[in-house]
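User: Please take a close look at one annotated part of this model, and then set it in the context of the chain that carries it and of the residues described elsewhere in the assembly.

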Amino acid sequence: MNLADYRRAASAWLRDNAPTDDRPEGDGLGRAKEFMARLHDAGYSGITWPAQWGGQGLTQAEERAFAAEARDYTLPTYVFSIGLGMTGPTLVDRGTDAQRERFIRPLLRGEEIWCQLFSEPGAGSDVASLQTRAVLDGDHWVVNGQKVWTSVAHHADWGLLLARTDVDVPKHKGLTMFVVDMHHPGVTVRPLKDMTGRSNFNEIFFDNVIIPDEHRVGEVNDGWSVAVTTLLHERLSISSGVGMGGQKDNPATLEALRKVVDTEDPLVRDQLVELHIRTRALALFNQRLAQETRAGIFPGARGSAAKLLLAELYMFQADLATRLVGPEAALADHPLAHAISLAPAMALGGGTNEIMRNIVGDRVLGLPPEPRVDKTVPFKDLKVGTQT
Amino acid sequence: MNLADYRRAASAWLRDNAPTDDRPEGDGLGRAKEFMARLHDAGYSGITWPAQWGGQGLTQAEERAFAAEARDYTLPTYVFSIGLGMTGPTLVDRGTDAQRERFIRPLLRGEEIWCQLFSEPGAGSDVASLQTRAVLDGDHWVVNGQKVWTSVAHHADWGLLLARTDVDVPKHKGLTMFVVDMHHPGVTVRPLKDMTGRSNFNEIFFDNVIIPDEHRVGEVNDGWSVAVTTLLHERLSISSGVGMGGQKDNPATLEALRKVVDTEDPLVRDQLVELHIRTRALALFNQRLAQETRAGIFPGARGSAAKLLLAELYMFQADLATRLVGPEAALADHPLAHAISLAPAMALGGGTNEIMRNIVGDRVLGLPPEPRVDKTVPFKDLKVGTQT
Amino acid sequence: MKLVLSEEQRELRAAVRDFLRTASPLPKVRHGYDPQVYARLNGELGLSGLIVPEEYGGAGAGLTELAVALEETGAALLPGPFLATAFAAIALTQVPDKELMTGIAEGRIAATLSETELTLDGTSAHGTLAQVLSGMEAGVLVAPARSGDGLVMVAVELAGPGVTRTALETLDLTRGQARIELEGAPARVLGAAPEIGDRLCVALAAEQLGVMRAALDAIVAYAKVRVAFGRYIGSYQGVKHKLADMHGKLEQAESIVRYAAWAADESPEELPGAAALAQAYVGRACFEVARDHLLLHGGIGFTWEHDAHLFYKRAKADEVLLGPPRIHRARLAQLLEL
Amino acid sequence: MKLVLSEEQRELRAAVRDFLRTASPLPKVRHGYDPQVYARLNGELGLSGLIVPEEYGGAGAGLTELAVALEETGAALLPGPFLATAFAAIALTQVPDKELMTGIAEGRIAATLSETELTLDGTSAHGTLAQVLSGMEAGVLVAPARSGDGLVMVAVELAGPGVTRTALETLDLTRGQARIELEGAPARVLGAAPEIGDRLCVALAAEQLGVMRAALDAIVAYAKVRVAFGRYIGSYQGVKHKLADMHGKLEQAESIVRYAAWAADESPEELPGAAALAQAYVGRACFEVARDHLLLHGGIGFTWEHDAHLFYKRAKADEVLLGPPRIHRARLAQLLEL
């Protein structure tokens, strides 16, 4: 099938099968799982994944074609996004054949839900300084510790867990990657309320959780290299979404604001012009990155510049909007009160602005690295987390 | 004499003796020297300096009283300012009695002019990495190297010179301070043109310049501690001037701009309001620091915050002014063309903005220091200046 | 011009700070208004009577002293009607009323102020006030009202007849508002409506100064103990330089607040410009510092459990409390005769 | 919409860049306009004829290609009338004139453009043009003139009678202006005056993109070799983070310039908004980057001898070249129907 035919077929399938109601009442999860099974049956789940493990074995071209058609729909795939975007690709790249055989197909069919367990309260930007311990006991590992900022963990069947297995070596060299059963009785999932008052993330506590050694991914103490694979997939899946739409419901856009503020005031108008300028500047940058990608120029770390600019734009626009609207914007049920509470999210998730600036400086501009004090010290002697 | 009497006397003396014309034609230097001699005869030069060496032996109170009276005049003391503000106080603090006897009185009477020779092309913010060498040869030192950013050097009789006397020890530990005769044939003074096209500074080249050992200030290899004394006096004399006036001739102030821009335009008005806000915010901060100083609260490193803000304000206002005025501002003879060329000066002289932020972070906020790679390495093994 | 606190004013500050540290520590402010703390604040420290003239049982102090107190209640994110009562007291210093003044000075009466005009028909007031600060906690409303005699200042008992109050949750978890409808509520005329907007600007700026100082202190303290990549985050210039810039804003904000409070007490002709400057500069600086303090905390700053968002939200709510901030800039333009 | 250069356009860029690297390196630009370099630029590379239609001996390319060339002449701070001639050529594409077009395409004629209206009396033009870009180097002036037939575009020989030129030094050492007085100067009518302001905005933005790219490249290179306190300055976050932010501005500026040039060539209805955006964003970003590139050089950046101030001054002169920058924002407000 040539690409145009592929795209037409995808378009037709989506027209017939995509849910029209993107916020189904009742058993949303059940219906999402049903949809994923149908998506897989139709050949649109795991388009580029190896056919041997349940994928379609096609190319990026087909994946992009499907994504382009799907852009007009809101598919109920959020709960599967960690599995599809991060943990699945990691297993495809680095898992054993037995692991791929066991996990990939149920993941692509939506039968099993995945989460990712890297960040900890004391290890955010600096994930490699994590403290959750896994200790080998015969043919299994015993895990104790705490993870945080975990999406969809309350629905998850499996988690991709990075844990410390050796404290006598430098921090990057004593980590190992595992697949952990989220239904193990030692796993506690607790919703984490964020500053908007909602709970989009979880905290996970591990209390003597057992993991069989065959659920280890990669070699013992080589977990950091596996994590780098996962984080690369994460970055790709974030940067591809940056700035493309996603502002439809935002009450702080120019289109939303022009309806509610006094555009007779020249100063208000000029502020809206500033918002327009910044929004267009970033949107055009993102479109250029997308065009370059299609032309085979891989954006690499330049995506981090786009992510940084997006974080700044979200903050700027919510801040501006509340100032333009005035006292009303401070009422809890005003959309801008939620928007200003949510505004820091983009700057704090997926790497802070400071981390993004380091990435752009180091990898795009090729600037000399900061001297590192943490790469050679045994982990047990290293300062980590919060210390006085 | 009580303070009020002192002040009245100073006021009367200034009324009778201060030059009315602040830009005398012809032999300005000669007349400046005459004025300094009269100032010293009247007891107003070196008010707080020890009487033994030619000062008046009075207190800060008298000095402040005289300064307050003098504020209304433009005294022709610029050419003596390095001696009075930096090198003189250093000799008073750290010189030998013979040096004080020889140098202080002529300095206070304006008979001899001084410059300071610390900065080098490869050692700006990081003065201690300087490379000018002084080698002991019997009872004298032989100096070779280059200094830069030296004010009034073309008039100077003497210079306070910081040079490297040992390269086998870490950089701070191999420096020695000297008094150098600026009339020595090995000294070449060359005006340094800055980006405004004017020459307010000099470059100084030393080619086998001889300094007798009795002109060494402080111990051999203890020059850094002497330099710290000088820099402390420099900082005091800069921060006391920060933001106090000095904007009279600036074409980028609100008062100057309101006469030349279209204040009918609400956007122009709002930009002028922004300029007013920033100017007032800093002016009030400086006034508060001054009031605190008078109340005995020493501002310390907080003066660096004021200096940083002033550097930013100068840059902001010249930039804003040129935008408001438009194409005309780009004509070489428009005052704003000079203003925008001069605007970076405050950010680059007396410590860059980055250095100021470090000082505020470290000394005002007490933040942990940057790890240092340059404090323990022998100078000869240290990266300095510009290197590929 | 006086920009430095006197010995007495520093003592006042220390007293309020010490009191709040134990009586209203940060973990407590999430639970909202505690009338007991409020009673002690007014009783033991006499804060509510600070600017009430001595003849009415107050301390007869000026806005300079009130600013010192508000800076501390701001830094503590004190919940409840302290700012609202201060606003009302500011109005009452211009139209003195023995009953209210004495009640406020004794801490018996919590009041609030609205700048929206009511209509006054004889002794009954009508009107809808969309957003009244601490409107649920206050017992008395002071507001301008249009009557046959022109614009007057009236006092309305909020627990009395003809008053409907609806609690409004706000962005600021520590301090709510209320919608108040008056349909023939008994109103007492206090006098001709005075010009008090400038003083409200100064009082709010003092609270904002406290909020920004506390936010900066919090993130500076965190930067000294939080480690990333084996170093305290405060040792990275990326963090350090931002904190230095925040310090610069704080220094300037404090200078402006001291100046504006001094102008309110000593130099009425400078007050309008000083007050507009205070809101234009300090309101913005306060939010920027609170924002950056939150962002520099990293992920933990985004959690509900952490206090960072409380400062962030108070700063934003304060920034728009007296109207869209551009009104203060517009006023400056007018005062500068631009 | 096309935001990525084609193979052909990349080749053009490489050719111009290579040529300028050897023919007009930075140390040379202080000496000002070199007619020989200019002749080779137009001869060997045919740059002056880039947008001249093929029938007049040009390459018949679009603003997209002209933008590529201007980015490189901007990056090299090329002195002389290249931008001025490009401005004039942009006007001439709307009112084609064989003699001028051919002359420009062949590199014989350097021209300039003024947007100030002259008055036309028969065939003689009158008026005072306060600031004409490269007015001393250009041989022909293209300008709108008010005549009995309405607003027309005219061409005036600047070396001819009735013309008084006064050289004006500007902030930008690499490019001067002139005051031009026309008192009955012979003028040739080219046609009705077209709307060309948008295209001028795009062309200038392309030059500004080059200036900012070169400035950023220069300071990035310096940050890799300059040492302070034993470390390369580019390893300090204080420097690194600022450079990262400058990179973000550059990426956005490039995206806008590509878009605006595409709109000029392919999507006329988008051009006005794209052009105003280009000046509003790129003009500002260019100066900010040039400013920070100078400041990050430290003291050496303040010296006359160093090149940093050349970029800084070009960036500022360019920012105000087409008027106070607020006019571009005002136009955006109008186009957005705000």
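Analyst: In this predicted model, the stretch to examine is residues 203-334 of chain C, where UniProt, in an unreviewed entry, places the feature "domain: Acyl-CoA dehydrogenase/oxidase C-terminal". Over these residues the chain is 74% helix and 3% strand. The C-alpha atoms at the two ends of the stretch are 22 Å apart.

The chain around this stretch is described next. Chain C has 11 helices and 9 strands. Its radius of gyration is 20 Å, close to the 20 Å that the globule rule gives for 338 residues, so chain C is as compact as a globular protein of that length. Along the principal axes, the C-alpha trace of chain C spans about 70 × 45 × 35 Å. Of the 338 residues of chain C, 65% count as buried. When contacts in chain C between residues at least 6 apart in sequence are considered, 73% join residues at least 24 apart. The surface that chain C exposes amounts to about 11200 Å², and carbon and sulfur atoms supply 51% of this area. Chain C carries 32 positive and 42 negative charges, and the mean positions of the two sets are 9 Å apart.

One residue of chain C can be described individually. C:Glu99 is found in helix α6, which covers residues 98-105 of chain C. With a relative accessible area of 46%, C:Glu99 is partly exposed, because this value lies between the limits of 20% for buried and 50% for exposed. Leaving aside neighbours within four places in sequence, C:Glu99 is in contact with C:Ile109 and C:Arg188. C:Glu99 and C:Ala39 are 60 residues apart along the chain, and their C-alpha atoms are separated by 18 Å.

Chain A carries two further annotated domains. The UniProt record, again an unreviewed entry, places "domain: Acyl-CoA dehydrogenase/oxidase N-terminal" at residues 30-111 of chain A. This segment of chain A is 60% helix and 0% strand, and its end C-alpha atoms are 10 Å apart. Residues 115-209 of chain A bear the feature "domain: Acyl-CoA oxidase/dehydrogenase middle", also from an unreviewed UniProt entry. Over residues 115-209, chain A is 0% helix and 51% strand, with 16 Å between the end C-alpha atoms.

Backbone geometry draws attention to two residues. Most residues other than glycine have a negative phi. A:Asn208, by contrast, has a positive phi near 50 degrees. A:Asn208 lies in strand β7 of chain A, residues 201-212, and is partly exposed, with a relative accessible area of 44%. B:Trp149 also has a positive phi, near 60 degrees. This tryptophan is found in strand β3 of chain B, residues 140-150, and B:Trp149 is partly exposed at a relative accessible area of 25%.

Three loop residues complete the picture. In chain D, D:Gly234 is found in the loop between β9 (231-232) and α8 (237-266). D:Gly234 is buried, with a relative accessible area of 0%. Apart from neighbours within four places in sequence, the contacts of D:Gly234 are A:Leu367, A:Pro368, D:Ala223, D:Val239 and D:Lys240. D:Gly234 and D:Asp149 are 85 residues apart in sequence, and their C-alpha atoms are 61 Å apart in space.

D:Ser134 occupies the loop between β3 (124-133) and β4 (140-147) of chain D. D:Ser134 is buried, and its relative accessible area is 0%. Not counting residues up to four places away in sequence, D:Ser134 touches D:Gly80, D:Pro81, D:Ala84, D:Arg175, D:Gly176 and D:Gln177.

In chain B, the loop between β6 (187-192) and β7 (201-212) holds B:Asn200, which counts as partly exposed at 42% relative accessibility. B:Asn200 touches B:Ser151, B:Leu192 and B:Asp194, residues up to four places away in sequence not being counted. The C-alpha atoms of B:Asn200 and B:Val152 are separated by 7.7 Å, although the two residues are 48 residues apart along the chain.

How values were computed
Residues are numbered from 1 along each chain as its sequence is written. Chains are lettered from A and ligands numbered from 1 in the order in which they are written. This is a predicted model: local features need pLDDT of at least 70, side-chain atom pairs count only at pLDDT 80 or more; totals for chains, interfaces and linings use all residues. Side-chain values use heavy atoms; hydrogens and water are left out. Helices (H or I, at least four residues) and strands (E, at least two) are DSSP runs, numbered from the N terminus. The radius of gyration is taken over C-alpha atoms; the globule rule is 2.2 Å times the number of residues to the power 0.38. Buried means under 20% relative accessible area, exposed over 50%, partly exposed in between (1.4 Å probe, protein chains only). Contact means heavy atoms within 4.5 Å. Accessible areas come from the Shrake-Rupley method with a 1.4 Å probe; for residues, only the protein chains shown count as cover. Lys and Arg count as positive and Asp and Glu as negative; His and the chain ends are not counted. The place of a charge is taken as NZ of Lys, CZ of Arg, CG of Asp or CD of Glu. UniProt positions are given in the numbering used here, feature names are shortened, and annotations may be inferred rather than shown by experiment.
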